[in-house]
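Q: I'm new to this structure and would like a close look at a single part of it. Could you walk me through what surrounds one residue, and then show me a contrasting spot?

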Amino acid sequence: MRSLVPALAALALMGTSVGAYAEGFDMPSWSPRGDTKAIAAAIADPARPEADVKRDPDRKPLEALEFAGVHPGEKVADLIAGGGYFTRLFAKAVGPTGHVYTIQPAEIIKIAPKYLDEIKSVTSAYPNVTLIIDPLPQALNTPEKLDLVWTSQNYHDMHDPFMGPEDMAAVNKAVFDALKPGGVYVVLDHAAAPGSGLSATNTLHRIDPEAVKREVLAAGFIFDGESKILRNPADPHTANVFDKSIRGHTDQFIYRFRKPRK
């Protein structure tokens, strides 16, 4: 047990939740920090739309992708990719030896067909991006195992009527199965009031972070840390995320989960 103390201290210094590894001390063998140089180059890509660049101060993509552990050569799924903001960044960061599966579930395309046109412009610009538009959870049946599944500001949507709602146990199990052993699942979303559970997903477009944690851990994942780069303690959690008073400045959490290696 004594030999584990230096490793645990190092994890604490890196901001990683030591408690995440308490069960069996199942330490990660990869660096928990992404390739800063590759991520910075992706952010500086002159082909990025101006609208995306303008969102960078609010989305902090460098810190977010570092936390996700993105490296060249990795296989990534951008789950519910919207207009492709993160898909473009992943495509450049993983480079020609990596691949990105940008998932626009059929449920989303049915109510917002504009996203299909927007994401097609991404796939035409980046040869290492493949579009998947199947319903969930089938959309996660990617042709190869993944290093990372990322979903941003959309986990709460999967609980809402327009999405079915999805069977989240099945969706999270599909994410688990799509990942390589040791692979990472990152959930970024708008925080609802503590203890509110799922009650605000369709009204305020927010979700209680603890509700996300419970659902994802139930699929077999290990909680692997939290980034607080988008937390905003001044957000009262009472306004719809599209309300002008809070839009772009909501309290957001970023949780990282890991599939055990064994």
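Which side chain does Asp-78 join in a polar contact?

A: Happy to help! Please keep in mind that this is a predicted model. The partner is Thr-87: a polar contact of 2.7 Å joins its side chain to that of Asp-78.

Let's place the residue. Asp-78 belongs to strand E1, which covers residues 75-79. Asp-78 is buried, yet it has no salt bridge. Its nearest side chain of opposite charge is Arg-59, 8.3 Å away, while a salt bridge needs the nitrogen and oxygen within 4 Å. Leaving aside residues up to four places away in sequence, Asp-78 touches Phe-86, Thr-87, Phe-90, Tyr-101, Thr-102, Ile-103 and Trp-150.

Arg-59 leads us to another feature. The largest pocket holds about 1,000 Å³ of space. Of the 38 residues lining this pocket, Arg-55, Arg-59, Tyr-115, Gln-153 and Arg-247 are the closest to its centre. Helices H3 (50-59), H5 (85-94), H6 (106-111) and H7 (114-125), together with strand E4 (146-152), are the elements that each give two or more residues to the lining. The biggest share comes from H3, with 6 residues.

Now for the contrast: another buried aspartate, Asp-224. At 0% relative accessibility, Asp-224 counts as buried. Unlike the first aspartate, Asp-224 does have a salt bridge: its side chain meets that of Arg-256, at 2.9 Å from N to O. Asp-224 sits in strand E6 and Arg-256 in strand E7, so this pair ties together parts that are 32 residues apart in sequence. Arg-256 is buried too, with a relative accessible area of 4%.

Asp-224 also meets Arg-258 in a salt bridge, at 3.8 Å from N to O. Arg-258 lies in strand E7 and Asp-224 in strand E6, so here the parts tied together are 34 residues apart in sequence. Both of these residues are buried. Through shared partners, the salt bridges join Asp-224, Arg-256 and Arg-258 into one network.

Across the whole structure, a search finds 12 salt bridges. One of them links Asp-147 with Lys-180, whose closest N and O atoms are 3.1 Å apart. Asp-147 lies in strand E4 and Lys-180 in strand E5, so that pair ties together parts 33 residues apart in sequence. Lys-180 counts as partly exposed because its relative accessibility is 29%.

To come back to your residue: Asp-78 is buried without a salt bridge, and its side chain has a polar contact with that of Thr-87.

Methods. Residues are numbered from 1 along each chain as its sequence is written. This is a predicted model: local features need pLDDT of at least 70, side-chain atom pairs count only at pLDDT 80 or more; totals for chains, interfaces and linings use all residues. Side-chain values use heavy atoms; hydrogens and water are left out. Helices (H or I, at least four residues) and strands (E, at least two) are DSSP runs, numbered from the N terminus. Buried means under 20% relative accessible area, exposed over 50%, partly exposed in between (1.4 Å probe, protein chains only). Lys and Arg count as positive and Asp and Glu as negative; His and the chain ends are not counted. A polar contact is a pair of N or O atoms within 3.5 Å; within protein, one must be able to donate a hydrogen and the other to accept it, and residues adjacent in sequence count only if both atoms are side-chain atoms. Contact means heavy atoms within 4.5 Å. On a 1 Å grid over the protein atoms alone, a cavity is a set of points where a 1.4 Å probe fits but cannot get out, and a pocket is an open set with protein on both sides within 12 Å along at least five of seven lines; lining residues have an atom within 4 Å of a point. Grid points are joined across faces, edges and corners, and a volume is the space filled by probe spheres set on the points.
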